[in-house]
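Let's walk through a protein model, starting with a single arginine and then moving on to the empty spaces inside. Keep the viewer open as you read.

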Amino acid sequence: MLALLAVLALFAASCGGDDDGDGAAPDTDTEVGDSADDAPADDDMADDAPADDDMADDDMADDAPADDDMADEPSGPSGTLRMAMTTDVQTYDPVMAGIAQGPYLIPVYDTLLIRSADGGVAPRQAEAFRIISSSSYELDLAPGITFSDGAALDAAAVVANFERAKAREDSPQAATYSNIAAITAVSDLTVRFDLVEPSTAFLQELTWLPGMMVSPNAFDTDLDAVPVGAGGWVFDAESTRAGVQQDFTARTDDFWDPASVRIERIEIRLLQDEAATNGILNGELDLVFKEDLSVSAYIDAGLTIIDNPEPALRYVQVMDIDGVLLEPIGDLRVRQAMNLALDRDGYNNAIQNGLGNPYPGWFLPNEAWHDASTEQWAFDLDRAKALLAEAGYPDGFAITLETIPPLAPTAEAIAQMWTALGLDVSVNVGEPGTLAGTMRAGVTALTPTFNAGHPPERFYRQRLAPGNGFDPFLADRGDLADLAAEAFEATTVEEQNAAWARTFAYAVNQGFVMVYGHGTNGVVIGPGVSGAEFNASEIMPRPYGMSVE
């Protein structure tokens, strides 16, 4: 352990640092109106609404200044929010974007629904939603919302967006779109979704990329480079510098929610962790990702740290379960040996500054979906070597880990751990923002990655289910689908939670995923920023409701 820590420490100095709760939906019609007070909690989409005192926290539109403060507020948006991202935007098409690029898209699109800090779902561009059954939902769109090109965000536009999305089988969100059997315009402003299979997370999906609507007039334009949405800001193509900085300016037309757009300009710079940390410390940036190794420096500088309310998961995803690319990975004993060789305490100390949790299971003991059987994969190098030899690889084998700059220190740490097991591990660092595409392309066997929040249903559909986008080899996943079916068919929250616990324990025990750490994703904000607030499962606070001096 000490030797490993010493090795990890050598590259840790350069280190820095891709979701919702689930619950059973009632079978009776339930309507949620235009107040965040009506938003369902994770365990009951209908009943557990927060008290009236919580309205200001859960509804961005309610954050408008009180009358007594109006004299002190600017008459319109003002100031520039200078942000940093460690991954570059690959596309401005929400159907094709990955979760890690979401902060680039939020200013220009906004979403149909939002998540609050407590994990609930609340109206946004849709002013109300109704749960008809566990597989049927209706949304009422707020009147008067327009895209930046003047087109109306109405029911026809929403239907057109989802029909377009359903046709893209290569979308990272294909699991969400393919589960929509029909989408219908009930009226000019009401849309109905009927699902193929019951879902307890469908409304949560509409708070992120699947909830971002594109102007139908822009469907045939270059959405990779120029977005056209109904959000509070428009893309500034003239000042944007590809691969360097993406710029946005506040809309000057009649945006439907002017109280939430208080910033005149947003600049998102592509910077890696060390540069972003230096930028926030010297006042050149206003909002950056938290780097665990720099927490004390942030505190000393008097900066504010805001952590995501949901835990973040660090794990290795195995795509090549059957050993198509790399034959040894197809042996369960090999995958189990590699899991046992993950020194999570060493990783936590060297990479997470001791701020994480080295638990080997997918869910922590205090989470509803926890299963203690995954504790058998706690670090045990001797047992790992014995399993590897039993599988016929006493001298190991060669493996390459694909990664990107933000995850390079993690990939190097895991490479050191598996080298200690006897493997010949190399690390290939690609361009920021490309890792998810590489994982889906069928060119790599497994790779370390992370997730901001890890809700069972969303993660299962998008990352674990047979045939999902991250299953390029269509691998044999054993009993996984049958175990997940028990969760989908459960009639109580308790039954559903227990079924998800069994499903994810099976995935860990079979070596489909290998957890190497838990932690918290967060951001650091400068002294001139106010109103920054995390919505659950998002990787960065939205600019809506924020202001900059």
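What follows looks at one residue and then at two cavities.

A quick word on ground rules: this is a predicted model, where local features need pLDDT of at least 70, side-chain atom pairs count only at pLDDT 80 or more, and totals for chains, interfaces and linings use all residues. Residues are numbered from 1 along each chain as its sequence is written, and side-chain values use heavy atoms, with hydrogens and water left out.

Start at R251, in the loop that links β10 (245-250) to β11 (265-270); strands here are DSSP runs of E, at least two residues, and helices runs of H or I, at least four, numbered from the N terminus. R251 is buried, at 10% relative accessible area (buried means under 20%, with a 1.4 Å probe and protein chains only). Its side chain comes to 3.1 Å from the backbone oxygen of G231.

Now for the cavities (sets of points on a 1 Å grid over the protein atoms alone where a 1.4 Å probe fits but cannot get out; lining residues have an atom within 4 Å of a point). Among the residues lining the largest one are A175, N179, E205 and R458. Helix α14 gives the most to that lining, with four residues.

The second largest cavity has M83, W208 and R542 in its lining, among others. Helix α3 (residues 102-109) supplies the largest share there, three residues.

Key:
Buried means under 20% relative accessible area, exposed over 50%, partly exposed in between (1.4 Å probe, protein chains only). A polar contact is a pair of N or O atoms within 3.5 Å; within protein, one must be able to donate a hydrogen and the other to accept it, and residues adjacent in sequence count only if both atoms are side-chain atoms. On a 1 Å grid over the protein atoms alone, a cavity is a set of points where a 1.4 Å probe fits but cannot get out, and a pocket is an open set with protein on both sides within 12 Å along at least five of seven lines; lining residues have an atom within 4 Å of a point.
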